[in-house]
Each structure stands twice: as structure tokens, then as C-alpha cells.
Amino acid sequence: MTTRLYSHPVFLEHLTPPGHPERPDRLRAIERVLDDEAFSALDRVKAPEGDEATILYAHPEDFIARVRAAIPESGIVSIDADTSASPKSWQAAVTAIGAANAAIDDVFEGRAANVFVAARPPGHHAEKTTAMGFCLFNTAAIAARHAQKKHQAERVAIVDWDVHHGNGTQDIFWDDPSVLYCSTHQMPLYPGTGAKSETGAGNIVNAPLAPSTGSETFRDAFLSRVLPSVDAFAPDLIIISAGFDAHHRDPLAEINLTEDDFDWATGQLMDRAGRHSGNRLVSLLEGGYDLQGLAFSVAAHVGRLMKG
């Protein structure tokens, strides 16, 4: 089996204001780097549009209705100070969910060894009832629930290495011991959550990183907090909230990782998927706002996934 890649042209049609860091060029940079011959073996599949009913796995109906009502017929509107929507944003968000859920199906039904979903908008800041931080719906949370509901996964681990804490994923699974949420992130930094003391039902593991730290601190956090928690949990599936904004080039934070760190972390989680999850691993794009840093980091990440 090969590594599968999901993307879709509609992801480029989720528009944000000029100068906004979460912009369509992010996916164009990823597309260019993955066009290299080194990635010729990638199984490239057009993402299916999602089943809107699955949004209910993580968000209540009235919130979903509010997001739908906020989608403009033309132009760009602000959901909050950071989060925007344009006419194709609903379709992009639902297709991102469709891609993530299809990726879950692929790894449980044996169509792919692992999957990377190159989609936008991202999702990990979306709380149960709040769209924020560039995110409309929490794609990773919906995918985790999809694995539980369709494939009877008893334990799902979500590992989030985006430089910003995934407050939304933490909010959704705060009191649910069937989902482990582990996050490395800069602190202090937006959104202000993610202290070590935030532990939920014992299923939340935060490993905050001080500004201006780099590879050694990140890898130590992985080795001392994240990986032991994943091993103790023994998940049936690992989902990565794969943000690449902890790269040293990124303008929105002050963590100094390189693409080698993302290669290493990917390998560590693949090893855990091999031990516990029948190799089932799905990676969902979150942040990453310097185009070169994002492209090189995704190339390292996907290249490591392809090594099996």
C-alpha cells in the first residue's frame, strides 16, 4: 500500500483578505513541492465532498446553522477578528471534512498505508460552538468521531504539533477519555490555552514550549510527554494535526524547528502506529504560513510517510 494524498481545487477558493496569513498560496506551495519526482509514488485522490451530517459529530446544529448563514453570496466577511469566509468557504470546509473522513476509511479498510490531507480551512481552533483562529469546523475532531462511529475505534489519539494550541480539539474532547489529545505548542501565544495543568479527564496532555526554543526542546517534549502518553493509551488510530508553523521561518511564532524535526516526529508517530494501531495514521494540514518553510516541512513529512 502507498501513501495517499487528498486535495481539491475548492480549497483554493476559500478566500481570505489581502495579507491574511491563511491564504490559498499555502496549498499552491505544497502542490509545487509535491510535484517533484520524489513524490511520484503518491496516490493522489480528489477529495470527496463530505456528508454534512458528520459535522454534528463535533458541533451542535445551531452552531452549524450560524456558520452556514454567515457564508456570503459575494466578497469576504469576517467571522471574528482572524477568521473569514467567502462564497466557497462552506464547500471548502465540508470537502475538508469529506477528505478527512475518507482518509479514515482508507486506513481502516486497507486502501492506503497512511494519508495526508492537504486541505483548508484548518480546523483545530474550532471549539464546539465557536469558529475562530482561521477555523470554521474542527476537522480532526469530526474525523476521530467518524473512526469511532463507523469503524468502532475504541481509542483515538490526536497529536497536534501546530505551534498554536488546539483549543478547539481540547474543548471538544475535554471530558472524553476515549480520545487522547496531545499538543506541543508555543506558550504564551494565541489562543492562550494549553497549560500543563489542563488535563481534562486525564486525556489531555499539553507540552508547552517557551518562545525561542527549538529542536532539542521540541524533541524532549515529544519523548518525555507525548510519546509515553500515546504508548500508555495504545490507540486504534493516530490522527496528526499537522501544523508547520513551528518552523523557524514562520512569521506567526518563535519556535525554531526545521524540516528535519517534522521528519523525526512523523517517524516517531509512525512507529507508535505500528505498535498500537495497525499502522493506521492520518495527517491533516493545520497551520504553516511561511511558504518556503511550509513546503519544505510538508515535503519532509510526506516523504517520511511514504517510507512506511
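Is proline 72 buried or exposed, and what is its relative accessible area? Before I come to that, please keep in mind that what we are looking at is a predicted model. Proline 72 is buried, because its relative accessible area is 12%, and the cut-off for calling a residue buried is under 20%. As for where it sits, proline 72 belongs to the loop that runs between helix H2, residues 61-70, and strand S3, residues 77-78. If we leave aside the neighbours within four places in sequence, the residues in contact with proline 72 are Val77, Ala85, Ser86 and Pro87. A little further along the chain there is tryptophan 90, 18 residues apart from proline 72, and the C-alpha atoms of these two are separated by 9.7 Å.

Let me now turn to the sheet. Eight strands make up an open sheet with parallel pairing, and their order is S2-S1-S5-S10-S9-S6-S7-S8. At the edges we find strand S2, residues 43-46, and strand S8, residues 204-209, each of which pairs on one side only. On average, and with direction ignored, neighbouring strands of this sheet are turned by 15° against each other.

To take one pair in detail, strand S6, residues 156-160, and strand S7, residues 179-186, are joined in the parallel sense over five bridges, and within this pair valine 156 stands opposite valine 179 of S7. Packing on the sheet is helix H8, residues 291-307, which touches strands S1 (3-7), S5 (114-117), S9 (237-242) and S10 (281-285), and whose direction makes about 165° with that of S5.

Methods
Residues are numbered from 1 along each chain as its sequence is written. This is a predicted model: local features need pLDDT of at least 70, side-chain atom pairs count only at pLDDT 80 or more; totals for chains, interfaces and linings use all residues. Side-chain values use heavy atoms; hydrogens and water are left out. Two strands pair if DSSP finds at least two bridges between them. Helices (H or I, at least four residues) and strands (E, at least two) are DSSP runs, numbered from the N terminus. Axes are lines fitted to C-alpha atoms, for helices over the stretch in contact, and angles run from 0 to 180 degrees between N-to-C directions. Contact means heavy atoms within 4.5 Å. Buried means under 20% relative accessible area, exposed over 50%, partly exposed in between (1.4 Å probe, protein chains only).
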